[in-house]
Amino acid sequence: MTRVWHLDLLSVASVRSLVILDAETRRIVATEPLAGDGPSDVVRALRTVMLRTVPGWPSTIVTDNARQFAGVGEAIGIEQRFVSGLQQSAVERVLRSEAR
């Protein structure tokens, strides 16, 4: 089964977090605070989430072209697709609706 996660970054009250959305269900899988602002911090947060969601790891992650996502798929051995910010806004719409 193909499982796709959309990844995005969210900042609330000066805390930056990785937000993971399941593409099929359009539900938030997890939010994980980031220790820093680089790709290695995203990889670390994503691995933490993946260890908590066994089984059910994604086969593909979808991100925008933000520098924090550079090489993340390769680092964890998962296909990574890049989309424009306009396409990635689906994640932001879900986040806004969840916040209500």
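**Exercise 1.** How much area does the protein expose, and what percentage of it do carbon and sulfur atoms supply?

*Solution.* This is a predicted model, in which local features need pLDDT of at least 70 and side-chain atom pairs count only at pLDDT 80 or more, while totals for chains, interfaces and linings use all residues. Residues are numbered from 1 along each chain as its sequence is written, and side-chain values use heavy atoms, with hydrogens and water left out. Accessible areas come from the Shrake-Rupley method with a 1.4 Å probe, and for residues only the protein chains shown count as cover. On that basis the protein exposes about 5,700 Å², and carbon and sulfur atoms supply 52% of this area.

**Exercise 2.** Describe the order of secondary structure elements in the protein.

*Solution.* Helices (H or I, at least four residues) and strands (E, at least two) are DSSP runs, numbered from the N terminus. The protein has three helices and five strands, and along the sequence they follow the pattern β-β-β-α-β-α-β-α.

**Exercise 3.** Locate S14 and R26, and state the backbone phi and the exposure of each.

*Solution.* S14 sits in the loop between β1 (4-12) and β2 (15-22), where it has a positive phi of about 65° although it is not a glycine. With a relative accessible area of 77%, S14 is exposed, a class that requires over 50%, whereas buried means under 20% and partly exposed lies in between (1.4 Å probe, protein chains only). R26 belongs to the loop between β2 and β3 (28-33); its phi is also positive, about 60°, and R26 is not a glycine. R26 is partly exposed, at a relative accessible area of 39%.
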